[in-house]
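Hi,

Here is the structure I promised to pass on. Have a look at it first, and then read my notes underneath.

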Amino acid sequence: MALMEKRSPGKVLLDDTVPLRCVIEASQNLQSHTEYIIRVQRGVSAENSWQIIRRYSDFDILNSNLQISGLILPLPPKKLIGNMDREFIAERQKGLQNYLNFIITQHVLSSCELVKKFLDPTNYSSNYTEIALQQVSMFFRSEPNWEVVEPLKEMGWRFRKRYLLIKSKDQPKERQVLSWADLGPDMFLCDKDLQSAMKLLPSWSHPYIYPVTFATASESSGLVIRMYNDKGTLRDYICKAKPKDCFMKKYCSPKKSQGLDLQQIKLFGRQILEVLKFLQEKRIPYGHLHSSNVMIDGDACKLLDIENSFLGLPSYYRPYYTQSRKINTTEAIDVYCFGHVLYEMTYGKPPDSVPVDSFPSASSSHIVSVLQSILSAEAWKASMPTIAQLLETPLFVDVMLNAEKPQFKIPSKLKEALKAAKECMEKRLTEEQKAIHRHKRLARAQSHHGSEEEKKKRKILARKKSKQSLTENEVDDSAKINRSNNANSGSGASSPLTSPSSPTPPSTAVSSIPAAPALPPSHKLEVPLPSESTPLANGTGRGALLGSIQSFKKGHLKPATTRDHNMPTIK
């Protein structure tokens, strides 16, 4: 199999869906203005970071260009007098950081070309419209039957994918849409298999897949032509927007968006699930479901951009599902994306954040149940339901569909290539999810370690260890002294005086041992006598010891009234 043996030289390895994070590290005053030094990082690896320098005027230009979104952007206001004051600059830096934080958390804004070029001018300096026109003009030279009507500059969210409204010279009144895209980081087909898959696209027919008129691929890009639909996509239908309107303007802050009625939700949802199931059975990876990739054609929903997985383009929702290690297969990705589409059909807008903490009431409790099984925190911790399981839910099980039979012919060699490409996509996803998971664990540990409560705990523990160490040192010193005294007192001496009825005493005094009862006064001591030549501990010999014993018998010496059987004999 040719897979992975000959990767396309024109493949773009950079994944544009990986989030960019940024922090304003410092500011510096020049002659008449202030520059802000910003650290930008792609993904979770600190090694993949760089610095950029921006003035307030750069932020102002970006803000003006983003006004088309309709969002209220929190850019700090201008100040003409006193704008070089140190306190003012510090306050403005905080405001600009808040502005950047807002932008990078907005999915549509953070994905747009304007923001990418502002934060990463090195990787996004190209004029993608010019590149697309050059590539398309080469195509037109080989296919002279087509001509451009107008470029659709603002259509779609991918800046590496461009759209042109075209017409055929044979049918000049019929409008079609040409899409051109670079090969992406998930392109794991060899050139031959890619060409084979693209050429098959126009021959494939399914009641819920929007048909392709023409498709081809080069070493660096892919080109697809479809009929233009003036009704637009499912998202256009929800947002009451026109197909040619700017993507950012239509979808960032729609003013007239509205959810669908229950019957439409059931019908469109069932149709989407049926085509996802079909693609899974054919082992064709998709992963690009979102409401802008679903065309409304009469009473049917039809999927767009089946070719995206062949071209290796990353998914619109990739920044979301890389956060969950349970969404690690192409089917799980399709199910997760379906959850987003169902949410939009129900509430007329995307969820504010994912996982979703609570779901508003809907026209049917069955809708909420399906959404909870996909988008809730519990679903993220467990696993996604399968497409077959979703089709069996009460929401979709009784929906009647068109009985039109699909027509899909795939050569066995291409099937194997697509299967292997799917496995490579899932492997890259799993590796990225592992890296994000490790980063989250490290961030939690550092946050916990740096919290005030944890600092107090560490101080208390340090004090306890210090006290314990001092106590142990004192005990060790005392034990050393006692051992030294015993060694000195026992040097050259005979066995200590003991009572025959008491056990041999231990070698050192231990204060924790309780005192034994006193011996009765009449108790006699039988002391073994040392040899005459052996000196005692006090330096006296045997004669001195015998004299002491005789004095004791005559009553000159009185016995002690108390004695600890377990304590060592006091010398």
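At the start of helix H9, Asp-261 has a side-chain oxygen that comes to within 3.2 Å of the backbone nitrogen of Gln-263. Bear in mind that this is a predicted model, so please read everything here in that light.

Staying with H9, I checked its length. The helix runs over residues 262-281, which makes 20 residues. At 1.5 Å a residue they should span 28 Å, and the end C-alpha atoms are indeed 28 Å apart, so the two agree. Just after H9 comes Arg-283, which has a positive phi of about 60°.

Now to the sheet. It is an open one with 3 strands in the order E1-E2-E3, and the pairing is antiparallel. E1 (20-29) and E3 (49-55) are the edge strands: each has a single partner strand, so one side of each has no neighbour in the sheet. From one strand to the next, the twist averages 25°.

If you want a place to start looking, try the pairing of E1 with E2 (residues 34-42), which is antiparallel and covers 9 bridges. Cys-22 sits opposite Val-40 in E2.

Two helices pack on this sheet. Helix H1 (residues 56-65) touches E2 and E3, and its direction makes about 90° with that of E3. Helix H2 (residues 86-104) touches E1 and E2 instead, with its direction at about 165° to that of E1.

Cheers

Methods: Residues are numbered from 1 along each chain as its sequence is written. This is a predicted model: local features need pLDDT of at least 70, side-chain atom pairs count only at pLDDT 80 or more; totals for chains, interfaces and linings use all residues. Side-chain values use heavy atoms; hydrogens and water are left out. Two strands pair if DSSP finds at least two bridges between them. Helices (H or I, at least four residues) and strands (E, at least two) are DSSP runs, numbered from the N terminus. Axes are lines fitted to C-alpha atoms, for helices over the stretch in contact, and angles run from 0 to 180 degrees between N-to-C directions. Contact means heavy atoms within 4.5 Å. The expected span of a helix is 1.5 Å times one less than its number of residues. A polar contact is a pair of N or O atoms within 3.5 Å; within protein, one must be able to donate a hydrogen and the other to accept it, and residues adjacent in sequence count only if both atoms are side-chain atoms.
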